[in-house]
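Colleague: New model on my screen. Walk me through it, please.

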Amino acid sequence: MDASETSALVRAAAGGDARAWDRLVQQYSGLVWAVIRTYRLASTEAFDVFQVTWLRLVEHLDRINNPERVGAWLATTARHEALRSLLSGRREIATDPADLDAAQPSVASPEMAVLRSERSELLWKAFGELPDQCRTLLAMLLASPPPSYADVAVALGMKIGSIGPTRGRCLDKLRELLTNQDVSAARSGAPVSSDDRRLAT
Amino acid sequence: MTTDSDPQRDVSDETLLRELGSVLGARKPLPAEAVRAAKASFTWRTVEAELAQLTYDSADDRGGLAMIRGPAPARLLTFEADGLTIEAEVATVDGHRRLVCQLVPPQVAEVEVQHAETTVRTTADELGRFVVDGVPAGPVRLRCILASAPQRPVVTEWMPI
């Protein structure tokens with residue numbers, strides 16, 4: 001969706017056009033959700049943050065300064081509301097594995113399942129240790145449909161030209177965290193061999 | 001899984017990003033219900049009302065303290081519109097929210113607490129006070145029809161409470 005189409009939709013929705021609104025929701029829900037799910041919120045909080053982000057857009061439709069950048073506006077609002085939700089501490093931050101690990105992808109063989117879930121567990125943990133800006137950037141880039149670089153730049157207060165290099169640095173950092181995790185998993189988490197056991201006792 | 005080598009190092013940015021995408025997507029897929037709710041939120045569009053914006057949220061002050069668990073103190077919210085301030089104290093009672101509110105300057109008003117699932121109506125007394133019990137968790141907003149200016153209601157921003 002190009003910039004003029006986007007601002008036309010925002011203007012139409014501000015004028016009461018529900019179909020235009022539905023298209024905005026369709027276009028940007030993936031982006032809003034991608035931002036929210038980078039925060040460790042329980043499912044109900046994540047749902048509330050998603051909903052309040054859209055409610056805020058409803059109430060600000062005719063006040064948006066740059067309607068063509070509504071994607072950036074939504075991503076910024078979602079991020080802000082997710083942080084507020086964490087800080088308000090109205091409920092515990094998600095520690096229930098069911099909340100964090102909903103719906104694992106189904107895989108063919110049990111061996112594959114173990115490998116994939118181990119790997120995805122490591123990746124998930126490493127991702128959680130990235131700096132806030134890296135998490136949000138990567139999450140935004142992975143949103144479906146993907147946002148424009150211009151929206152990403154505005155939402156994160158970056159120059160468009162620095163998105164590529166920052167993305168590279170964030171992925172390097174992720175790779176580094178994964179490597180460290182693998183090493184520490186080998187030291188402590190992995191099944192102890194008989195040799196190790198003898199040494200330990 | 002072998003841990004002697006570091007296969008991740010060889011993984012290209014594109015592959016790693018794709019892999020991360022599938023992990024994130026699988027962990028928390030976008031609920032269809034959330035999209036339906038977002039579409040439905042358009043019905044809350046108000047054109048004739050004055051928007052009271054959030055100017056204070058005690059949650060913003062707690063910062064690192066949010067990690068300290070104990071009896072949660074009541075949350076304080078302040079909304080401001082032209083000529084009207086709405087102060088709200090939000091407490092949790094049996095899983096529901098209790099709102100203790102004060103209009104400044106004090107005045108009589110018809111008040112609605114709007115929530116996606118329910119709307120509770122009440123009245124602010126001549127001292128501008130009202131209390132609403134049993135509000136479900138989730139985004140809410142207050143809509144006040146002031147006795148002095150009934151033609152232009154004041155509506156707060158939405159807040160998840």
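**Around one helix**

Modeller: Start with helix α2 of chain B. Among the elements covering its buried residues are α2 (18-36) and α3 (43-60) of chain A. Helices (H or I, at least four residues) and strands (E, at least two) are DSSP runs, numbered from the N terminus.

Colleague: Some ground rules first?

Modeller: This is a predicted model: local features need pLDDT of at least 70, side-chain atom pairs count only at pLDDT 80 or more, and totals for chains, interfaces and linings use all residues. Residues are numbered from 1 along each chain as its sequence is written, while chains are lettered from A and ligands numbered from 1 in the order in which they are written.

Colleague: Which residues of α2(B) are buried?

Modeller: B:Ala34, B:Ala37 and B:Ala38, within a helix that spans residues 32-40. They sit on the same side of α2(B), because they cover an arc of only 100° around the axis. That arc is taken from the directions from the helix axis to the C-beta atoms. Buried means 20 or more other C-beta atoms within 10 Å of the residue's own, exposed means 12 or fewer, and partly exposed is in between, with C-beta atoms placed from the backbone.

Colleague: And which residues are exposed on the other side?

Modeller: B:Ala32, B:Glu33 and B:Arg36.

Colleague: How do α2(A) and α2(B) cross?

Modeller: Their axes cross at roughly 145° and come within 9 Å. The axes are lines fitted to C-alpha atoms, for helices over the stretch in contact, and angles run from 0 to 180 degrees between N-to-C directions. The crossing is right-handed. Handedness depends on how the near helix is turned from the far one by less than a right angle: anticlockwise is left-handed, clockwise is right-handed.

Colleague: Which residues make that contact?

Modeller: α2(A) brings A:Asp22, A:Val25 and A:Ser29, and α2(B) brings B:Val35, B:Ala38 and B:Lys39. That is three nonpolar, one polar and two charged residues. Here Ala, Val, Leu, Ile, Met, Phe, Trp, Tyr, Cys and Pro count as nonpolar, Asp, Glu, Lys and Arg as charged, and the others, Gly among them, as polar. A contact needs C-beta atoms, placed from the backbone, within 7 Å.

Colleague: Now A:Trp21. What does it touch?

Modeller: B:Phe42 and A:Ala13, leaving out residues up to four places away in sequence. A:Trp21 lies in helix α2 of chain A. It counts as buried, because 25 C-beta neighbours fall inside 10 Å.

Colleague: What about A:Ser88, buried or exposed?

Modeller: Buried, with 22 C-beta neighbours inside 10 Å. A:Ser88 belongs to helix α4 (residues 70-88) of chain A. Its contacts, apart from neighbours within four places in sequence, are B:Ala59 and B:Arg75.

Colleague: Step back. What is the make-up of each chain?

Modeller: Chain A has ten helices and zero strands. Chain B has three helices and ten strands, in the order α-α-β-α-β-β-β-β-β-β-β-β-β from the N terminus.

Colleague: How much of each chain is buried?

Modeller: In chain A, 35% of the 201 residues. In chain B, 27% of the 161 residues.

Colleague: And what share of contacts is long-range?

Modeller: Take contacts with a separation of 6 or more. In chain A, 72% of them join residues 24 or more positions apart. In chain B that share is 46%.

Colleague: Backbone oddities. Where are the cis bonds?

Modeller: One runs from A:Ser144 to A:Pro145, omega near -5°. A:Pro145 is in the loop between α7 (132-141) and α8 (149-156) of chain A. Another joins B:Val104 and B:Pro105, omega about -5°. B:Pro105 is in the loop between β4 (96-104) and β5 (109-115) of chain B.

Colleague: What is phi of B:Asp94?

Modeller: Near 50°, a positive value in a residue other than glycine. B:Asp94 sits in the loop between β3 (84-93) and β4 of chain B. It is exposed, with 7 other C-beta atoms within 10 Å.

Colleague: Last topic, confidence. What is the average pLDDT of chain A?

Modeller: 82, with 77% of the residues scoring at least 70. pLDDT is the predictor's confidence in each residue, from 0 to 100. Among the elements of chain A, α2(A) has the highest mean, 95, and helix α10 (residues 194-200) the lowest, 42.

Colleague: Where does pLDDT stay under 50 in chain A?

Modeller: Over residues 91-107, where the model has 27 contacts beyond four places in sequence. Also over residues 190-201, with three such contacts. Where pLDDT is low, the predicted coordinates should not be read in detail.

Technical notes
Contact = placed C-beta atoms within 7 Å.
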